[in-house]
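Let's walk through this one together, side chain by side chain. Have the model open and follow along.

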Amino acid sequence: MKRTLLLAAAIALALSGCTWLKSLGKKDNVQPPTELVEFAPTTQVDRVWSESVGSGAGASGARLAPGVDGDRLYAAGIDGSIEALDAATGRTLWHARLGDRHGWRVWSRRDNSLRWAGGPSAAGDLVVVGGLDGQVYALSAADGTERWKAQMSSEVIAAPAIADGIVVVRSNDGRLAGLDATDGSRKWIFDQSVPALSLRSNSAPLVTSGVVYDGYDNGRVVAVRLDDGNELWSQTLSGGEGRTEVERLSDVDGNIVSDGHALYAAGYRGQLAAIALDSGRPVWQRDLSSYTGAAVSGNTLVAVDADGNVWAFDRETGVNLWKQDQLKYRWLTAPAIQGKYVVVGDVEGYVHWLSLDEGKFAARERLSRKPIEGAPLVVGDLVYVEDVKGHIAAYRARQ
């Protein structure tokens with residue numbers, strides 16, 4: 001059974017799906033979040049709407065975040081809840097809760113609802129979400145009725161991808177599967193061996209121009225064909241050196257992004273790299289340990305390192321542009337870019353806006369007092385942020 005390391009405020013080690021191990025080191029050795037400093041805001045941020053969907057990710061370790069398609073936002077919770085919201089107003093369009101509620105689950109001690117942990121993702125009339133028990137469900141985007149279901153070999157804690165009639169699903173045991181979007185039948189499977197111990201998160205598959213890109217717990221980024229799952233190339237970002245399993249952790253678990261020319265990915269205890277899409281050849285590499293990944297806009301690439309420092313690099317050369325170190329140890333989310341600002345959430349429920357040009361603080365809002373772990377989602381002029389309890393808000397920053 002694959003063991004996973006849960007990166008949360010307590011830094012707990014976990015066995016996938018069933019058993020919790022003792023924390024890595026004593027709690028006293030975990031650095032407390034850096035105290036926030038006051039600043040004069042340089043932009044105004046408006047909370048356009050806020051809503052609550054189910055119970056969020058809870059303590060599952062999954063980085064649940066909303067998905068969007070067109071004018072609809074979709075959100076799911078560990079309790080089996082899934083909702084469609086009007087992206088502009090937050091109004092609930094439909095609500096569903098899947099699973100047999102007559103029974104007993106050790107996880108929730110309440111019911112047998114499905115435990116969502118990966119997604120939701122949406123495209124056209126299809127909404128797809130994965131669960132901690134390996135289920136993958138496809139629902140109608142119109143009303144939430146079930147279209148089909150499939151079973152993966154282990155838990156699904158990353159958002160699936162939907163493209164060209166294929167749903168690509170990543171399971172925690174290192175398998176990528178291509179499912180037929182019409183009925184959920186398996187078209188192909190790509191299996192990559194992963195180490196026994198890893199961080200408790202997975203890189204969500206990225207699909208562009210008929211190729212699926214994904215990061216793995218062995219420190220590699222792989223590219224496979226969308227139509228048949230055959231491998232095109234793989235590239236190592238993290239070497240995994242050390243005497244113990246913990247020291248050899250080398251996961252590529254964060255957001256992988258592309259600007260159409262190159263792929264940008266980061267590994268834990270490894271490197272941030274720009275990789276050629278066609279060949280997997282590194283264009284440039286920088287030493288940077290990250291478990292959240294990167295975001296790109298224009299000629300700027302932004303990444304958050306494992307200590308909570310926010311970095312900006314020149315997209316083409318990898319030259320460092322700025323570093324913001326006043327959010328250290330605040331367990332930041334992956335970054336998102338909203339116009340002229342970088343947006344990150346933190347362990348105390350704060351959302352921070354930094355200047356994309358200089359990295360200076362521009363605004364700060366508090367969504368709740370619960371951790372934000374899923375990456376903020378930028379669509380148009382709005383950014384959507386969700387905490388681990390399912391509280392969601394839409395913000396607009398005045399540019």
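Is Arg115 buried or exposed? Arg115 is buried, with a relative accessible area of 8%. Keep in mind that this is a predicted model, and then look for the partner of that arginine. Asp133 makes a salt bridge with Arg115, and the closest N and O atoms are 2.5 Å apart. Asp133 sits in the loop between β12 (126–131) and β13 (135–140), while Arg115 sits in the loop between β10 (112–113) and β11 (116–123), so the pair ties together parts that are 18 residues apart in sequence. Asp133 itself counts as partly exposed, at 29% relative accessibility.

That is one of 13 salt bridges in the structure. Side chains of opposite charge can pair when their charged atoms come close. Try Asp214 next: this residue forms a salt bridge with Arg170, with 3.3 Å between the closest N and O atoms. Here the link is between distant parts of the chain, since Asp214 belongs to strand β21 and Arg170 to strand β16 (residues 166–170), 44 residues apart. Asp214 counts as buried, at 0% relative accessibility, and Arg170 also counts as buried, at 0%. Arg170 has another neighbour to check: it lies over the face of Tyr216, at 4.3 Å from the ring centre. You can find a similar arrangement at Phe361, where the charged end of Arg364 sits over the ring, 5.3 Å from its centre.

One more salt bridge is worth a look. Asp173 pairs with Arg175, the closest N and O atoms being 2.7 Å apart. Arg175 counts as partly exposed, at 26% relative accessibility. Salt bridges with shared partners join Asp173, Arg175 and Asp191 into one network.

Now for a charge without such a partner. Which side chain of opposite charge is nearest to Glu83? It's Arg97, but Arg97 is 10 Å away, and Glu83 is buried yet has no salt bridge. The cut-off for a salt bridge is 4 Å between a side-chain nitrogen and a carboxyl oxygen, so a pair must come within that to count. Glu83 is in strand β7 (residues 81–86), and its side chain does make a polar contact with the side chain of Thr92, at 3.4 Å.

On to the rings. The whole structure contains eleven aromatic pairs. One of them is Tyr213 with Trp233, a tilted pair at 5.9 Å centre to centre, with 45° between the planes. Tyr213 is in strand β21 (residues 211–215) and Trp233 in strand β23 (residues 231–236), so this pair ties together parts that are 20 residues apart in sequence. Tyr213 is buried, with a relative accessible area of 3%, and Trp233 is buried at 6%. Another tilted pair is Trp284 and Phe313, with 6.4 Å between centres and 35° between the planes. Trp284 comes from strand β27 (residues 282–287) and Phe313 from strand β30 (residues 310–314), 29 residues apart. Both Trp284 and Phe313 are buried, and they belong to one aromatic cluster with Tyr264 and Trp311.

To finish, go back to β23, the strand of Trp233. Strand β22 (residues 220–225) pairs with β23 in the antiparallel sense over five bridges. Val224 is opposite Glu231 in β23. The hairpin of β22 and β23 has five residues between the strands, and there Gly229 takes a positive phi near 80°.

Note on methods: Residues are numbered from 1 along each chain as its sequence is written. This is a predicted model: local features need pLDDT of at least 70, side-chain atom pairs count only at pLDDT 80 or more; totals for chains, interfaces and linings use all residues. Side-chain values use heavy atoms; hydrogens and water are left out. Rings of Phe, Tyr and Trp (its six-membered ring) pair if their centres lie within 6.5 Å; planes under 30 degrees apart count as stacked, over 60 as edge-to-face and the rest as tilted. Helices (H or I, at least four residues) and strands (E, at least two) are DSSP runs, numbered from the N terminus. Buried means under 20% relative accessible area, exposed over 50%, partly exposed in between (1.4 Å probe, protein chains only). A charge sits over a ring if NZ of Lys or CZ of Arg is within 6 Å of the ring centre and within 35 degrees of the ring normal. Two strands pair if DSSP finds at least two bridges between them. Lys and Arg count as positive and Asp and Glu as negative; His and the chain ends are not counted. A polar contact is a pair of N or O atoms within 3.5 Å; within protein, one must be able to donate a hydrogen and the other to accept it, and residues adjacent in sequence count only if both atoms are side-chain atoms.
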